[in-house]
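Biologist: Got the model open? Let's walk through the fold and then the pockets.

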Amino acid sequence: MGKRQLFLMSSSAVHGFGYLEHAETDLSSFLKHNSVQKVLFVPYALTDHDGYTERVGSVLRKWGFACNGIHTFADPVAAVRAAEAIYIGGGNTFLLLRTLYERGLVGEIRERVLQHGVPYVGSSAGTNVATRSIQTTNDMPIVQPPSFEALALVPFNINPHYIDPEPNGTHKGETRPERINQFHELNDAPVLGLPEGTVLFVDGDRATMMGPQPTVPGTVYDARLFRKGQESMLYKIGSDLSFLLQQ
């Protein structure tokens with residue numbers, strides 16, 4: 001059995017950085033450490049599969065990695081089974097999960113990552129589907145997947161693009177913490193709010209908060225953890241969140 005290797009980004013685009021630039025050092029190291037030369041990219045969260053794959057692939061190629069879109073393979077299941085690394089990009093989480101179910105890939109990806117140690121990279125929607133369910137996504141349900149249950153590579157939920165409400169803001173609609181608390185009225189899973197630029201790195205049974213270096217002045221990279229019936233807690237870059245893997 002291989003050791004679980006996950007690189008879960010809040011997003012690919014971050015203020016002050018080029019596309020994926022905020023994660024270049026850490027993501028390159030992650031792939032090299034796992035002896036990855038070719039990445040299988042899953043563009044199902046957007047409808048322009050070719051364009052999306054080229055956008056991500058052009059960056060990865062500059063870093064020294066080959067990249068192929070799963071949509072170019074006649075048999076996507078076989079592509080997953082042969083993959084050196086799986087990278088699922090962002091977009092609409094509902095569309096992404098529905099397509100993974102339609103292609104018969106949910107169980108296949110889970111097995112490859114958890115049983116064989118194939119490295120997994122997720123961004124935004126790709127991070128959402130790596131968790132227990134997509135019930136804490138920010139996306140609109142533009143399609144209906146057969147289930148909200150996702151890959152369950154970690155035993156908790158994540159809310160990418162997390163942002164705390166501004167103390168002096170004038171917005172009176174629901175805040176992100178309010179929506180997550182509504183989730184906890186009917187669900188028990190912890191929810192990790194990942195702000196832009198942050199990454200949850202999972203190495204076997206260890207989970208660590210990571211973030212861009214250098215950071216953008218004035219930007220807050222603290223993640224906020226929500227647990228049912230408890231006050232939320234902030235965790236800075238470098239924090240050990242391995243306890244979440246024991247849920």
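Modeller: Seven strands make an open sheet, in the order β3-β2-β4-β5-β1-β8-β9, with mixed pairing. Strands here are DSSP E runs of at least two residues, helices are H or I runs of at least four, and both are numbered from the N terminus. Two strands pair if DSSP finds at least two bridges between them.

Biologist: What should I know about the source?

Modeller: This is a predicted model, where local features need pLDDT of at least 70 and side-chain atom pairs count only at pLDDT 80 or more, while totals for chains, interfaces and linings use all residues. Residues are numbered from 1 along each chain as its sequence is written, and side-chain values use heavy atoms, with hydrogens and water left out.

Biologist: Back to the sheet. Which strands stand at the edges?

Modeller: β3 (66–69) and β9. Each has a single partner strand, so one side of each lacks a neighbour in the sheet.

Biologist: And how is β8 paired with β9?

Modeller: Antiparallel, over five bridges. Asp203 stands opposite Arg206 in β9. The two strands form a hairpin with two residues between them, and Gly204 in the turn has a positive phi of about 65 degrees.

Biologist: What about β1 and β8?

Modeller: Those run antiparallel too, with five bridges joining residues 5–9 to residues 199–203. Leu6 faces Val202 in β8.

Biologist: β4 and β5, parallel or antiparallel?

Modeller: Parallel, over three bridges. Ile88 has Gly122 in β5 as its bridge partner.

Biologist: Helices now. Which residues of α5 are buried?

Modeller: Val106, Glu108, Ile109, Arg112 and Val113. Buried means under 20% relative accessible area, exposed over 50%, partly exposed in between (1.4 Å probe, protein chains only). Their cover includes β1, α3, β4, α4 and β5, where contact means heavy atoms within 4.5 Å. Just after α5, Gly117 has a positive phi of about 70 degrees.

Biologist: Pockets. What lines the largest one?

Modeller: Eight nonpolar, four polar and four charged residues. Ala, Val, Leu, Ile, Met, Phe, Trp, Tyr, Cys and Pro count as nonpolar, Asp, Glu, Lys and Arg as charged, and the others, Gly among them, as polar.

Biologist: And the second largest?

Modeller: Six nonpolar, seven polar and three charged. Helix α7 (residues 176–186) gives the largest share of that lining, six residues.

Biologist: How do you define a pocket?

Modeller: On a 1 Å grid over the protein atoms alone, a pocket is an open set of points where a 1.4 Å probe fits, with protein on both sides within 12 Å along at least five of seven lines. Lining residues have an atom within 4 Å of a point.
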